[in-house]
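Here are a few short exercises to help you find your way around. Have a go at each task before you read its solution.

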Amino acid sequence: MNQKFQLAATVIVCLFIYSCGSSPQTPSSTSSSVDSSMIKPEANAGAADSKGTGKFTDVKLTHPLDKKMIAAGISTYDIKCGACHRLTNEKLVGPGWKEVTDRRTPEWIMNFITNTDEMIDKDAAAQAMLEKCMVRMPNQHLKDEEAREVLEFMRQNDGKN
Amino acid sequence: MKQISLALGTVAVIAFLQSCKMKSAESAVKGDAAEKAYVAPGKYDEYYNFVSGGFSGQVSVYGLPSGRLLKVIPVFSVFPENGYGYSEETKPMLNTTNGEVPWDDQHHLDLSQTNGEQDGRWLFANANNTPRVARIDLTTFKTMEIIQIPNSAGNHSSPFITENTEYVVAGTRFSVPMGEEDVAISSFKKNFHSTASFISVDKTSGHMNIAFQIVLPGMNLDLSHAGKGPSHDWFFFSSYNTEQAYTLLEVNASQKDKDYIIAVNWKKAEEYAKAGKGKKIPAEYAHNTFDESKQTATSVIEKEVLLLDPKDCPGMVYMIPCPKSPHGCDIDPTGEYIVGSGKLAALIPVFSYTKITNAIQNKQFEGDFYGIPIIKYEAALHGEVQKPGLGPLHTEFDGKGNAYTSMFLSSEVVKWSIKDLKVLDRVPTYYSVGHLMIPGGDTKKPWGKYLVAYNKITKDRFLPTGPELAQSAQLYDISGDKMQLILDYPTIGEPHYAQAIPASMLKDKQVKYFDISKNQNEFVSMGEKKTNVVRQGNRVDVYMTAIRSHLTPDNIEGVYVGDEVYFHVTNLEQDWDIPHGFAIKNSTAADLLIMPGETLTMKFTPQKKGIYPFYCTDFCSALHQEMSGYLRVSLKGSSVPLKFSTGVIADATENK
């Protein structure tokens, strides 16, 4: 009787599930814009030689500095960056830009400017900055060449040649 | 053992019934309705549904089939939520020849078309009370243009468009004298006219202009639709009160067995206008346009309009008798059949375009109405749908040869076959349906999967909310032979007509933010360095920027009681969905909601001395609560100098 009881129960349960037609669960798709707090920073992503995540893997620096690029970089800075970043060491909303070209690789800087959200979500150094500043850096939608011009301006600001 | 099995079986059946919620016999909703209307979290709807707001004056946007409210687009009413009609940039949009009109009654919508099919460029909206037509851009969901209609009142049969959006029409529900004549109301027959205005639409910019107005005898034009395909050159208007009553219309305008469908050959009208058959008369009307590059509206008062009189333009207008006080006037996707819904008739007359043209050719007329030939009813008639229900109002089409008519009195939607005029199906609505809408259902290419009924009476459909209830909309699946009710949802204001378009035609071309480098607003601050405070007499211009999470300048002093302070706030963000708000204590304007890359201006006239905090009203970041500042207002004549800053901390000894 015990066995039959079990059998009956199983059949009933099966029937119940079947006839209610619960549709098969599709695996939850992983979204690209995941809540940053849910992601553990990768162990070595914060290293000083990190290039970050994005399309820039090899930025060629030229010497001496390109004056035209610097001028364009300044005008972009004035409109899109200067509200939050000082040119000194002082942190305003974001960190001051003094010595940023020593702290970060050119690739990391340009990736952070152009691929801001993914960097904040995945890059350990960017995440560490978020914890300090408490504001996600906005993606200001700079074109690639504008990002490069801003980088040239940062180099000038750091006394590079 | 047997007993136990039986008991188990019973329990199982009960459990099964319970958890699957089998429907009782009286329920109108079938088991799979929820599944059909369900759009899972994170998934998109199939259609954008634009719904007129009626007495709200706005247009709301829903997703179908979920019935989710996506947006309210401010059009004819001020909108404190984002400052529409309050900000200096948008005030001119609501300007008229009678100054700023803060409200209207928004009835009908029409999506722009090319070759009779939706093209997803613009949405047109009418204002019934102070006659106007608006054009909304479908990449920004913003009202870009509003044109006032002179010689008009009760702009009801509007804003329906021709097949290639050549024209938007505006027809008068209330006849009035031309111009602003002061005449006795009882001189209606002599002095009152209805007009049908044709507003041309520029193919590229969408810019509207009143091309001509056709002057018609005094009567009430109700609704309209353009011909398509073979009937491309024609526009059809329904009319009531051809009795020409001016009091107790309820009785006095319901005397005749038939009123008219008015057939206007707009191509011919166009030719007559070009040939100089019209008469230019002085007529003032406001023409308001919003320039996206300057993010600023301007209002121009136009001075004249071209009138066409049917007497001077033979072959331009014909009257077709239609029982009885017809309301809807709808053309099937082939362009051959014209459905007049006689709201007081117990039948639906369907006219044939071929028969109408034959009747005109063979002069099958039965007299004239103020000189306009009346085509014989039988000569124009394709046939009548017998006993469809009570109070037929509006008809839409599914593109499969079927028509769907709303029945106001009998609260139902009736599906019938255009060819043989047989009723095929009927479903109840809850309650007293007015307009109905099938996506693309008034075009050559209806999408035909859903039908929405917009009901006038809600009663017991939702949780009660005091005397005023939200109007109910009902979504039906019409993909099968039988219509199936799948969703009920409340709407904003009082929806009249609506439109819907596949999401795929709009979603990928949405503007996400405005490129700040292209911002040509006169008062833009191109970066924080350009912020400033400038006094000229008692006018103070504050050039301010907003970015997460501060306003610059955030300390302003040296403003006096009675000054006119203009806060020009530029949002420096260049990222989607990061608007900033701006509000200042005791302001009599509304909030500003500034999209990324945009500049908006609030005028503030402080009445009393004191400290006025201002802040960002849109929760923008973790430091949003910190995004604030102070304005110091001193008495007039005080010596406090004009001063502004951000991040400057006074010397500790200064205030000792």
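**Exercise 1.** Find where Lys363(B) sits along chain B, then decide whether Lys363(B) is buried, partly exposed or exposed.

*Solution.* Start with the place: Lys363(B) lies in the loop that links helix H6 (353-361) to strand S22 (365-369) of chain B. Keep in mind that this is a predicted model. Next, look at the backbone: the phi of Lys363(B) is positive, about 50 degrees, even though the residue is not a glycine. Now for the surroundings: a residue with 12 or fewer C-beta neighbours within 10 Å is called exposed. Lys363(B) has 10 C-beta neighbours inside 10 Å, so it counts as exposed.

**Exercise 2.** Do the same for Gln244(B): which loop holds it, and how does it count by its C-beta neighbours?

*Solution.* Gln244(B) belongs to the loop between strand S14 (234-240) and helix H4 (249-252) of chain B. Its phi is positive too, at about 65 degrees, and again it isn't a glycine. Then check the neighbours: there are 15 C-beta neighbours inside 10 Å, so Gln244(B) counts as partly exposed.

**Exercise 3.** Look at the peptide bonds leading into Pro65(B) and Pro159(B), and place both prolines in chain B.

*Solution.* Take Pro65(B) to begin with: a cis peptide bond joins it to Leu64(B), with omega about 10 degrees. You'll find Pro65(B) in the loop between strand S2 (59-64) and strand S3 (69-73) of chain B. Then move on to Pro159(B): the bond from Ser158(B) is cis, and omega is near 5 degrees. Pro159(B) is in the loop between strand S9 (142-148) and strand S10 (167-171) of chain B.

**Exercise 4.** Which residues have the most contacts inside the largest nonpolar core, and what does Ile199(B) touch?

*Solution.* The largest nonpolar core has 183 residues, and Ile199(B), Val264(B), Ile320(B) and Leu451(B) have the most contacts inside it. Now zoom in on Ile199(B), skipping neighbours within four places in sequence: its contacts include Val133(B), Ile147(B), Tyr167(B) and Met208(B).

**Exercise 5.** Work out where in chain A confidence is lowest and where it is highest.

*Solution.* Begin with the whole chain: chain A averages a pLDDT of 80, with 70% of its residues scoring at least 70. Then go to the extremes: helix H1 (residues 2-19) of chain A is lowest, at a mean of 46, and helix H7 (residues 144-157) of chain A is highest, at 98. Over residues 7-45 of chain A, the pLDDT is below 50. Where pLDDT is low, don't read the predicted coordinates in detail.

Terms used
Residues numbered from 1 in each chain as written. Chains lettered and ligands numbered in written order. Predicted model: local features only at pLDDT ≥ 70, side-chain atom pairs only at ≥ 80, totals over all residues. pLDDT = per-residue confidence, 0-100. Helix = DSSP H or I, 4+ residues; strand = E, 2+ residues; numbered from the N terminus. Contact = placed C-beta atoms within 7 Å. Core = buried A, V, L, I, M, F, W, Y, C linked by C-beta atoms within 7 Å. Buried ≥ 20, exposed ≤ 12 C-beta atoms within 10 Å, placed from the backbone.
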